[in-house]
Amino acid sequence: MKHIKIYLIGIVLILLFSGCTNEITPSNIEQKNEMPNYEETNNNVENNNGYSYDFSLGEPLSIDEVIEKSYFILKCNFVSTEKVNKQDSFGIYTFEFIDAIKGNFDAKKISVTIYDFDAFNEKDENIFTVGNEYVLCLQKSDNIFHGISYTLFSGLCMRLENSKILGVYQRGKLLEKTGIDTIESLKSKSSLIVKALENNNEEYMSGHKYTLSSDSEEIVKTSSFIVEAKIVENTTPNGVSEKVEEFKCETIKSYKGSIQDSFFVLVNANSVNVGDEYLLLLECLGGSSYVISSNYSCIPVSDTETYEEYMKYIDK
């Protein structure tokens with residue numbers, strides 16, 4: 001198995017490039033409190049929720065596990081692909097929606113973030129051909145910076161022709177003797193699909209809790225951690241979204257939740273300056289990694305008016 005090193009922020013922020021084209025916007029996203037459930041093997045685990053700064057790609061899940069844990073399983077026609085940056089190790093693949101095998105999906109198109117190691121075979125040939133039909137097993141993510149986005153779950157997809165499955169692929173490799181050769185044989189695993197649908201698929205969704213509110217009282221109330229901190233270093237890895245930055249912070253005073261003396265935070269790009277102090281309202285990504293709880297959760301201490309407005313509710 002080829003091992004690929006991925007930074008946490010790379011995994012989280014790669015999802016920020018993709019999205020669904022059925023007019024899903026932040027205003028109609030339900031707030032979620034799930035933590036990501038990436039299937040990668042973690043070689044540097046700080047806790048048990050799957051987050052760390054050092055990932056290795058482990059063994060893929062079984063087909064049955066993928067079918068059960070995929071948020072959507074969709075029959076689609078491949079339209080196009082593009083890379084946001086040439087150096088990116090993933091592309092944004094656009095598909096026309098044909099039918100939903102699992103989940104309720106009614107958009108005309110969907111954009112999926114697909115890693116190169118899922119899209120290319122051993123001969124370095126892309127397994128996705130424009131005009132061909134595929135079954136996509138998708139994981140859904142929801143985060144403050146982008147909203148809803150999709151990736152292939154454990155790299156599993158299937159090539160179709162007239163409802164006949166010509167090949168089952170996982171991480172770019174053609175699998176043998178899967179027992180799935182038609183759409184009907186895939187649907188025959190209905191017990192796995194029904195089990196997930198009974199839970200509304202939510203346990204298989206990744207992301208983090210956040211609020212779309214701009215109301216300071218609401219943000220204070222819903223944020224799990226509130227801390228006054230100094231920004232000490234920009235630690236954003238290369239090749240991630242230009243919309244987001246990661247910084248190392250030193251705690252000055254904690255107002256809500258127990259937070260480390262030194263921690264990392266994901267914020268909107270160009271929203272903080274190294275050396276300055278901020279009031280940060282956060283959600284935990286695991287270990288010492290945090291993310292802003294809203295787009296209004298990073299307040300400069302020097303902005304006295306806004307700072308005092310938030311403190312009014314923090315001191316209640």
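I took buried to mean under 20% relative accessible area. The model I examined is a predicted one.

**Entry 1: Ser154**
I looked up Ser154 and found its relative accessibility to be 0%, so I recorded Ser154 as buried. I placed Ser154 in strand S7. I also noted that Ser154 has a positive phi, about 55°, although it is not a glycine.

**Entry 2: Arg171**
I then turned to Arg171, which has a positive phi of about 50° and is likewise not a glycine. I located Arg171 in the loop that joins strand S8 (164–170) to strand S9 (173–175). Is Arg171 buried or exposed? Its relative accessibility is 13%, so I entered Arg171 as buried.

**Entry 3: the largest nonpolar core**
I searched for nonpolar cores and found that the largest has 24 residues. I listed the residues with the most contacts inside this core: Leu74, Phe95, Ile110, Ile114, Phe128, Leu136 and Leu138. I next asked which strands each supply at least two residues of this core. They are strand S3 (72–82), strand S4 (90–102), strand S5 (109–115), strand S6 (133–143) and strand S7 (147–161).

**Entry 4: a second core**
I found a second core of 23 residues, separate from the largest one. I noted Ile231, Phe247, Leu285 and Val291 among its members.

**Entry 5: Leu138**
I returned to Leu138, one of the residues with the most contacts inside the largest core. Leaving aside residues up to four places away in sequence, I found that Leu138 touches Ser70, Tyr71, Phe72, Leu74, Ile110, Val112, Tyr150, Thr151, Leu152 and Phe153.

Key:
Residues are numbered from 1 along each chain as its sequence is written. This is a predicted model: local features need pLDDT of at least 70, side-chain atom pairs count only at pLDDT 80 or more; totals for chains, interfaces and linings use all residues. Side-chain values use heavy atoms; hydrogens and water are left out. A nonpolar core is a set of buried Ala, Val, Leu, Ile, Met, Phe, Trp, Tyr and Cys residues joined through side-chain atoms within 4.5 Å. Buried means under 20% relative accessible area, exposed over 50%, partly exposed in between (1.4 Å probe, protein chains only). Helices (H or I, at least four residues) and strands (E, at least two) are DSSP runs, numbered from the N terminus. Contact means heavy atoms within 4.5 Å.
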